[in-house]
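User: I have some questions about this structure. Please keep the answers short and end each on the value or name I ask for.

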Amino acid sequence: MPPRQSAKKRKAPDGNQSTLDSFRLGGVRAKAPATGATSSSAVPRASASKAPENKSVPKEPKTRANDSLNAASLLGSFRRQPLVDRIVIQQCQQDDSRPDVLPDDKIQASWKKLEALLNAILKGETPTSFQEAYRICQTMCLYNQAKFLHDNLKTTLDKHIHTEGEILSKAVDDEALFLDTLNTHWTKLDQQLATIRNIFMELDRRYVMRETEHASIVELGKTMFRKTIMEVPRIQARTVAQLLDLIKRHRDGETVDETLIKSMTQMLHDLSLYVDYFEPGFLTATDEYYAKEAEEKLRTLLPQAYLLHAEKRIREETARTLKYLQFCTKTPCAECVIRNLIHDQHESLLDRGFDNMMDDDDKEPLKILNDYLLEHHGRDRLRAAFGSYIKKRGLEMIKDPSKDNRMVPSLLAYKGRLDDVLDKVFRNNASFVNVLKESFEQFINTRNNKPAEQLAKFIDQKLRAQGKKQADDDLEATLDRVLVIFRFLQGKDTFEAFYKRYLAKRLLLNRSVAHDMEKSVLEKIKNECGPDFTKNLEGMFKDIEISLDLNNAFKESKEYADVSNQRSAFSVNVLAQAFWPTYSSSEVIMPQNVSNCSFFSFFLFMLTWVPFSQMVELQNAYEAFYKATHKGKRLTWRNALGTCTVKARFAQGLKELAVSQFQAVVLLLFNDADTLTYKEIATATNLDDKELRRIMVSLSRGESKALLKERQDAADIQDDEKFTFNAGLTSDKFRLRFNMLQQEQSPEENKDTQAKVLVNRQHQLEAAIVRIMKAKKTLTHAALVNELFQQLKFPLDATDIKKRIETLIDRDYLSRDPKDNSLYHYQS
C-alpha cells in the first residue's frame, strides 16, 4: 500500500514537543523537522514483519498546494497541528512455546510450595519467598486454577483455626488470662490474614471477590474464626462477661487494661458480633449499674452535689465510649446514664432541692438539670417548679406589712436574680420567660394597691433632690428596672394617683433632682401606658413652666412696683385644678409679726385664706396683675404646701430655718412668749388637730430641735403639754431644714388617695358596662363579665361588678330579662 501523504506542518515549540512525541508505537522518537520543512510517513495498515528501523522516508515533492499550506501556516493559521510525526502500529508475534493448560504435576508442585509458605506464616515464621509465591499464585489463576487454589487455601485456614479453637476452649476456664490469650491469638491471626491476602492478591481479585460471598481473603478468614471459635456459646459468653467486668471495675475507679478492652471490642465489631451480642449486654449492665448508684447517691448527697456527680458520671461514660467502645454505642449509652441519673430522679430532685438551689443562687446544678431535661417531659415539671418558686418567694416579700419600706428594693433585687438565672441557666428560653412574667404578675397583684403605692414612693425617693449623690447613669438604670416591675402591676391607676401626689410635692417644693430626669421617667411611663395615662402629669409640668414666666412678668409689672418696698419676696404657682391632686382646706390665723420672714412661697389652688395686713397687699397686687392678663379666670388661694425661710437668733448666733408655712406660723408665736401649751398654740393658729400635732412633733424631735417638749421622751402630745423655744440650739450648719414633713405622705393623704382610686374605678366600671351593653344590646352575665375583664386594666372583683350592675338597673340603664335573670338588656 502506498504511503499516505501528509500535509506540511509548522514546527511546534520545543516545550510541547517532548510531551506527545514520546508516545510512539514500535520505534524511537524521530527528530522533528525544521520549520517550514515537509515530511511524509509511510504507515502500514497491517504488517506481518517488523518494519526496519532505519528505513528512509521518501520526501514529498514540493507542489503549489504545499506552498499554499506553508504560506497559510506562516500567516498565522489557528488550526492545531499534531505534534507526533507518525504512529507505527506493529503486530506482535504469538509465543508458540506457552502451553494452554498446566500439567497436574506442575499444579501440585506449585501448591506444595504455597502450602509450605502458608504453614510458615500461620506458625509465625518469616518466609523470604513472597515474590515467588505471588508469581505462582498469579500463574495458577491465569491457567484457571483459581478455584483449586481457593479450596486448598480454605482447607489450610480451616485446619489452623480449628487448632486455635481447641487452644482457646481450654483457656476459657482461666478467668485471669482468658481475654489476654484470646487477644493474642486474634491479633496474630489478623496480621497473618493480611500477609496471606498480599500474597494471594491475584486470587482475591479474580475469584474470591467475584465467585464467593466474601469480599476478600481476610473476610474469609475472619468468618471462619467467628463460626469456629466466637460462635461457641461458652467462649462467646466468657468474652462478653469478662469485658463487662473490666468495664465495671473501670467505672468503680480501678485501673484496667484499656488497650485490651479496645482490641476485644474491635474484634467483636470486625466479626459482626458487637451489635447483636456485646452491646445489648453492655447497655443492660450500664442500666443496672447506674440505677443502683442513683439510689445510693440520692440518699447520701444533697441535690446540688448529686447533680454535679451526675454530670461528672455522664462525661466519664462518654469519654469511656469514645476511648475503647464503638462509636455506635455512644448515644444509647449516654441516654441510659442520663435516664437513670437525671430523668428518673428529676421529681425527687425538684421537690428536695430546687428551692434551695434558687435561694443559694447555685446556677451550675440548675443548668445541668435544665440541659438534661431539654427533650424530656420533665422540663414541664421544671417550669412548674420555677413558677412556684417565683410566687412563693414573691409573696413573702409583699405580704408582711412590716417589710413595706423594703418592698421595692427587695423586688428589684429578686427580679435581677431571676433574670440572671433565666439567662445563665435557662438561656432565655421563651417558655421560661413567659413563666417568669406570669408568676411575677400573679404574686405582685395579690396585695391589691400596696405594691403600686410603694413603687410610686420608691421613685419619689430616687427623684428627690437629696438623691443627687447618685450618678445619673446609675439613677437611670435603677429607674429602668423599676419600670420593669411597673409593667407587672394591674392597678396602674393606683400608681398614677400616688405618683401624681408625690410629683406635685417635688415640683411645688422644688425638691426634684432634675426636671430632665422627671420628664425622662414620664416619657417611659407614656411609652408603656399611652398618652391618656400621662396627660395630667404632663399638665403639671406645663403649669410650673407657666408659673415661672408669670412670676417674672409680675416682678416687672406696675402692680409689683407699687408694693416693692415690702421685705417679703413673693412668688406664686398657678395650678390648673384638673391636673393636680386636691388638698384639704385649712384656715390658719397668721401672726401679725409675719414680716420677720425673709421669703415666702405660696401655691394657688382653691384656698380660703385669712388675710393680714402685709400679705394682703401682695396678694391683691398679684390678683390684679393676673386678672389683667387672664380675663374670666378666678384665683383661689391655698397654702397647704407653702414654704418659707425664717431667720431666728439663737445663743450660737443667727440661723436660717427652712420650714413649711404652717411651721412658720407656729414658730412666730414664740416671738411673744418663750413657753406655750399645745392648747394655746391650737387656739392661736386654728390649725387642724392632726396637722398641728404632726407639726409639733417635727419641731420638737430630731437632731436639731427648734422647740423643747415638756415630756421629751413621750410619744404622744397632751393638750396641756408645754413647748419652749430652744434658744440654746447648736449646729454646725447655718441653714436648718424642718419642712421634710411636707414631702412625706400622711396616713390621711394615703387613705384619701386610695378612696379616690376606688371611686374612679367604680365610674370606669359603670361606663364600661354601659358602653358594652349599648354596643351588644343584650348579653348574659357571664359574657358581660368576660367583656369587662378584657377591656378594663385594673383588677376586678365579682362582687363589685354585681353592685355596679344593680346600680345601673336601678338607674334604668339596664334591665333584666323577665324569663332569665342572668340576661341583661340595654335600655335606650
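User: Are Phe386 and Phe432 buried or exposed?
Analyst: This is a predicted model. Buried stands for under 20% relative accessible area. Phe386 falls in that class, and Phe432 does too. Both are buried.

User: What is the angle between the planes of Phe386 and Phe432?
Analyst: Their ring centres lie 6.0 Å apart. A pair needs centres within 6.5 Å, and planes neither under 30 nor over 60 degrees apart count as tilted. Phe386 and Phe432 form such a tilted pair, with a plane angle of 55°.

User: How many residues apart are Phe386 and Phe432?
Analyst: Phe386 lies in helix α16 (residues 378-398). Phe432 belongs to helix α18 (residues 430-444). The pair links distant parts of the chain, and the separation is 46 residues.

User: Which residue has its charged end over the ring of Phe432?
Analyst: The ring of Phe432 already pairs with Phe386. A charge also sits over the Phe432 ring, 5.7 Å from its centre. For Arg, the cut-off is CZ within 6 Å of the ring centre. The residue is Arg383.

User: At what distance from the ring centre of Phe486 does Lys492 lie?
Analyst: Here the charge comes from a lysine, and NZ has to be within 6 Å of the ring centre. Lys492 lies over the face of Phe486. The distance is 5.3 Å.

User: How many aromatic pairs does the structure hold?
Analyst: Tyr274 and Phe278 form one, a tilted pair at 5.2 Å centre to centre and 40° between the planes. Ring pairs also link Tyr414, Phe440, Phe443 and Phe488 into a cluster. Across the structure, the count of aromatic pairs is 20.

User: In which helix do Tyr274 and Phe278 both lie?
Analyst: Tyr274 is buried at 1% relative accessible area. Phe278 is buried too, at 0%. The two are four residues apart, about one turn of the helix. That helix is α11 (residues 274-300).

User: How far apart are the closest N and O atoms of Glu317 and Arg320?
Analyst: Glu317 and Arg320 are three residues apart in helix α12 (residues 303-324), so about one helical turn separates them. Both are buried. They form a salt bridge, and the N to O distance is 2.5 Å.

User: What is the relative accessible area of Arg464?
Analyst: Arg464 meets Asp460 in a salt bridge at 2.8 Å, N to O. Asp460 is buried, at 0% relative accessible area. Arg464 is buried as well, under the 20% limit. Its value is 5%.

User: Are Arg694 and Glu691 buried or partly exposed?
Analyst: Their salt bridge has its closest N and O atoms 3.4 Å apart. They are three residues apart in helix α28, so about one helical turn lies between them. Relative accessible area is 24% for Arg694 and 25% for Glu691. Both residues are partly exposed.

User: How many salt bridges does the count come to?
Analyst: The cut-off is 4 Å from a Lys or Arg side-chain nitrogen to an Asp or Glu carboxyl oxygen. Some bridges join into a network, linking Asp361, Lys363, Asp420 and Lys424. The count comes to 53.

User: Which strands stand at the edges of the β5-β7-β6 sheet?
Analyst: The sheet is open, with three strands paired antiparallel in the order β5-β7-β6. An edge strand has a single partner, so one of its sides is left without a neighbour in the sheet. The edge strands are β5 (675-677) and β6 (707-709).

User: Which residue in β7 stands opposite Leu708?
Analyst: β6 pairs with β7 (residues 722-725) in the antiparallel sense, over three bridges. Helix α28 (residues 689-700) lies across both strands, at about 105° to β6. The residue opposite Leu708 is Thr724.

User: Which residue in β11 is the bridge partner of Leu779?
Analyst: Another open antiparallel sheet has three strands in the order β9-β11-β10. Its edge strands are β9 (778-780) and β10 (814-816). β9 and β11 (residues 823-826) pair over three bridges. The partner of Leu779 is Tyr824.

How values were computed. Residues numbered from 1 in each chain as written. Predicted model: local features only at pLDDT ≥ 70, side-chain atom pairs only at ≥ 80, totals over all residues. Heavy atoms only, no water. Pairing = 2+ DSSP bridges. Contact = heavy atoms within 4.5 Å. Axes fitted to C-alpha atoms, helices over the stretch in contact; angles between N-to-C directions. Buried < 20%, exposed > 50% of the residue type's maximum accessible area, 1.4 Å probe, protein only. Lys NZ or Arg CZ within 6 Å of the ring centre and 35° of its normal.
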